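Visitor: I have a structure to look at and some terms I do not understand yet. Could you go through them with me?

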Amino acid sequence: MKVIVVGAGVVGTMHAWHAVERGHEVVHIEREAEARGASLRNFGQIWVSGRAGGEELDTALRARELWEGIGARVPGLGFRAIGSLTPVRNELERAVAEAAAARPDAAARGYELLTADEARAVNPALRGEFEAALRCERDAAVEPRTAQLALREALLATGRYTFLPDREVRDVVGEHAVRDDRGETHSGDAVVLCTGAWLSGLVREVAGEIPVRRVRLQMMQTDPLGEPLTTSVADADSFRYYPAYASGALDALNAGQAQDPTAAAHRMQLLMVQRLDGGLTIGDTHEYEHPFAFDTLEDPYEHLTRVVESFLGRPLPRIRRRWAGVYAQCVDTTRVVHRQKVRDGVWLVTGPGGRGMTCSPAIAETTANELGW
């Protein structure tokens, strides 16, 4: 079988991976020289902890298993089974963490409520003041800026993978074929369009208006911290954002503890991961209203800096990079992904939202299974 994959972000690359793994030939087409969208502009987190119970959690846990297996074969992914800590500062926040740790699926997530001293034993860089921390043992990390490059190198080594950059697919030609902007037609037994946040043009022509929206975020990265940050770190605002924390305790937190005005205005949470070079990736904001701003705002960065410094008990290293990104998210956020047959032999897979980096191996595996690869 020959599979044509359009889009070289993490979702597209994982579709290529599964096709090659099953013995098929892949032609992988990307409109840029390299993918430059949300697949690179994220935390590199394999984030199990906040996922909704049911299909979303099952997908994340399967993806976590796949990431670990692929990471053992492709060291360039930088896979680390580091887990996460969410420090809490008061009884309202602690109650949400306790409710999460009491979930029926808490063991599957690796939830454990730690005292402050126990949390510092796990992550000694957390020298600031907090009362306790929710640990999620199943969370992990990869290097987002280099993951696709490492996967591609492994794919090229198989001899069954061809990468065609700088080609924008303009048309779906009949069944099982696409035409690029150089006028070349690429035919196969199946075509998978993994176009990320590119929802106009070809996508609108072949799929119409789909129930997927674009979401903009702001993030930053620091110089090396100078010491290990042994887990990823979230703050209690993540309780307000992720569905796994829904509970009466969360209702009480929302009613009794107002979110910081800057965090509320920009729909913020803290997530933080240390890169292999020692720097910290820190974010993020969420903007849903179109048209998106073309510039980044400083207030969210200042808020994140204050929160991080309060957990670390020390000044943040110099900010090396700031950026904005856009990802595609299903309007019905309970859906893991939008998977649509748009022509015979042609499928569109998009809209995983902030789950893309976490869930992409399992999303692609499901596509492969459903298409009978």
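Visitor: Which element gives the largest share of the lining of the second largest pocket?

Guide: That is H11, with three residues. This is a predicted model, so every value here is computed from predicted positions. Two elements, helix H8 (237-241) and helix H11 (298-312), give two or more residues to this lining.

Visitor: What makes a residue count as part of the lining of the second largest pocket?

Guide: A lining residue has an atom within 4 Å of a point of the pocket. For the second largest pocket, 15 residues meet that cut-off. Those nearest its centre are Glu93, Asp235, Ala236, Asp237 and Gln257. The space in this pocket is about 200 Å³.

Visitor: How many residues of each class are in that lining?

Guide: Six are nonpolar, three are polar and six are charged.

Visitor: Why is the contact between Glu143 and Arg80 called a salt bridge?

Guide: The term needs a side-chain nitrogen of Lys or Arg within 4 Å of a carboxyl oxygen of Asp or Glu. Between Glu143 and Arg80 the N to O distance is 2.7 Å, so the pair qualifies. Glu143 lies in the loop between strand S7 (140-141) and helix H6 (147-156), and Arg80 in the loop between helix H2 (55-73) and strand S4 (84-88), so the salt bridge ties together parts that are 63 residues apart in sequence.

Visitor: How do you know whether Glu143 and Arg80 are buried or exposed?

Guide: Buried means under 20% relative accessible area. Glu143 has 10% and Arg80 has 17%, so both count as buried.

Visitor: What does Arg275 form with Glu143?

Guide: Arg275 forms a salt bridge with Glu143, and their closest N and O atoms are 3.1 Å apart. Arg275 sits in the loop between strand S15 (271-274) and strand S16 (280-283), so this pair ties together parts that are 132 residues apart in sequence. With 7% relative accessibility, Arg275 is buried.

Visitor: Why is Glu287 called partly exposed?

Guide: Partly exposed covers the range between under 20% and over 50%. Glu287 has 23% relative accessibility, so it falls in that range. Its side chain meets that of Arg216 in a salt bridge, at 3.3 Å from N to O. Arg216, in strand S13 (residues 212-222), has a relative accessible area of 6% and is therefore buried.

Visitor: How many salt bridges does the structure hold?

Guide: There are 27. Asp223, Asp277, Arg318 and Arg320 are linked in a network of them.

Note on methods:
Residues are numbered from 1 along each chain as its sequence is written. This is a predicted model: local features need pLDDT of at least 70, side-chain atom pairs count only at pLDDT 80 or more; totals for chains, interfaces and linings use all residues. Side-chain values use heavy atoms; hydrogens and water are left out. On a 1 Å grid over the protein atoms alone, a cavity is a set of points where a 1.4 Å probe fits but cannot get out, and a pocket is an open set with protein on both sides within 12 Å along at least five of seven lines; lining residues have an atom within 4 Å of a point. Grid points are joined across faces, edges and corners, and a volume is the space filled by probe spheres set on the points. Helices (H or I, at least four residues) and strands (E, at least two) are DSSP runs, numbered from the N terminus. Ala, Val, Leu, Ile, Met, Phe, Trp, Tyr, Cys and Pro count as nonpolar, Asp, Glu, Lys and Arg as charged, and the others, Gly among them, as polar. Buried means under 20% relative accessible area, exposed over 50%, partly exposed in between (1.4 Å probe, protein chains only).
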